[in-house]
Amino acid sequence: KEMEEELEQLTGMESVKEQMRAICKQLSLDIKRRQQGQNVLNPIRHMMFTGNPGTGKTTVSRLIAKLFKSLGVSSRDHVVEVQKGDLVQGYVNQTAGKTRGKIKEARGGILFVDEAYQLTQSLMRGQSDFSGEAIDEMMRVMNESGRKSTTFCFAGYKKEMEEFLTFNPGLPSRIKYRFHFDDYTVPDLCVIVKKKMAHKGYLFSKDAQQNLEKIIDTNTTKEMRSKYNGRLVDNLLQWANDALNERLPL
């Protein structure tokens, strides 16, 4: 029920929401089985999120962390966000230690590896890079199970993430859940604007409310919206606030 309430707060993402409901049902059935003394499979929890920036990947990872904790799959509901620079060092053996540190920090929750494809791009071009150590270190613990193990979530652009999976044949079999986050439509962006306005305590003028969809559609391109998605809303609200400040006396 709590998850459904939180899903209702998310704009768009219909396919992601359906997958979330399916995961919740699967885990709830496992709870019933345990209560009846039945054996259950150790769930493979690792995930891959694909989509453009600003489509809500980090938000959903936090929601999944809360879900896993609530249903007893994980011991903690926190998410540790990292990128290549947080895992890879410039000398032999340093990367493995740095990666182990982040895995330990995320233990019992989720290690969210954003732009994960950056770990393999140089290696796939034949360039010298210590990123392989980071991947090896993560794969070494991905078969661990239990509430205190680390759940990995690899995120990035769809095409690049598909290439990322081909780097090591062991990766696809360790990643069970694949979520794709579509770009927000203009009506989606309007809904997000209205939610953020209400949350911040701002009010629309009547003409702004009537023309919001047209304003966004006319002044942005599909490519621009695809590049920024939800972040476009943050910029729009900043520009609107700047214009408001110009009108108001001190």
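## A walk through the model, starting at Glu163

Select glutamate 163 to begin: with 33% relative accessibility, glutamate 163 counts as partly exposed. Bear in mind as you go that this is a predicted model.

Now add lysine 159 to the selection. Lysine 159 and glutamate 163 make a salt bridge, with 3.0 Å between the closest N and O atoms. Both belong to helix H8 (residues 158-166) and sit four residues apart, about one turn of the helix. Residues three or four places apart on an α-helix point the same way, because there are 3.6 residues a turn. Lysine 159 has 58% relative accessibility, so lysine 159 counts as exposed, the cut-off being over 50%.

**More charged pairs**

How many salt bridges does the count come to? It comes to 14. Select glutamate 6 and lysine 66 for another one: their side chains meet at 2.4 Å, N to O. This pair links distant parts of the chain, with glutamate 6 in helix H1 (residues 2-9), lysine 66 in helix H3 (residues 57-70), and their positions 60 residues apart. Color by accessibility and you'll find glutamate 6 partly exposed at 31%, and lysine 66 also partly exposed, at 36%.

Next, go to helix H2 (residues 14-35), where aspartate 30 and arginine 33 lie three residues apart, about one turn of the helix. Their side chains form a salt bridge as well, at 2.9 Å, N to O. Which side of the pair is buried, and which is partly exposed? Aspartate 30 counts as buried, because its 14% relative accessibility is under the 20% cut-off. Arginine 33 is partly exposed, with a relative accessible area of 31%.

**Into the cores**

Hide the charged side chains and show the nonpolar ones. The largest nonpolar core has 39 residues, and Met20, Met47, Phe49, Val60, Ile64 and Phe179 touch the most other members. Apart from that core lies another, of 25 residues, including Ala106, Leu119, Met138 and Met161. In soluble globular proteins, nonpolar side chains tend to be buried together.

Center on isoleucine 64 in the 39-residue core. Leaving out residues up to four places away in sequence, isoleucine 64 touches Met20, Met47, Phe49, Ile110 and Phe179.

**A buried asparagine**

Jump to asparagine 229, in the loop between helix H12 (222-228) and helix H13 (230-247). Is asparagine 229 buried or exposed? At 0% relative accessibility, asparagine 229 counts as buried. Turn on polar contacts and look for the one between the side chains of asparagine 229 and aspartate 183, at 3.2 Å. Then show the surroundings: apart from residues up to four places away in sequence, asparagine 229 touches Asn52, Pro53, Gly54, Thr55, Asp183, Tyr184 and Leu189.

**A bent helix**

Select helix H11 (residues 206-219) and show the backbone. From first C-alpha to last, the 14 residues of H11 reach 19 Å, close to the 20 Å expected at 1.5 Å a residue. Where does H11 bend? Look at leucine 212, where H11 bends by about 55°.

**Zooming out**

Finish with the whole chain as a cartoon. You should be able to pick out 13 helices and five strands. The C-alpha trace spans about 60 × 55 × 35 Å along its principal axes. Of the 250 residues, 43% count as buried. For contacts between residues at least 6 apart in sequence, 75% join residues at least 24 apart.

How values were computed:
Residues numbered from 1 in each chain as written. Predicted model: local features only at pLDDT ≥ 70, side-chain atom pairs only at ≥ 80, totals over all residues. Heavy atoms only, no water. Helix = DSSP H or I, 4+ residues; strand = E, 2+ residues; numbered from the N terminus. Expected span 1.5 Å × (residues − 1). Bend = angle between axes of the 7 residues up to and from the residue. Core = buried A, V, L, I, M, F, W, Y, C linked by side-chain atoms within 4.5 Å. Buried < 20%, exposed > 50% of the residue type's maximum accessible area, 1.4 Å probe, protein only. Contact = heavy atoms within 4.5 Å. Polar contact = N/O pair within 3.5 Å; in protein donor to acceptor, adjacent residues only side chain to side chain. Salt bridge = Lys/Arg side-chain N within 4 Å of Asp/Glu carboxyl O.
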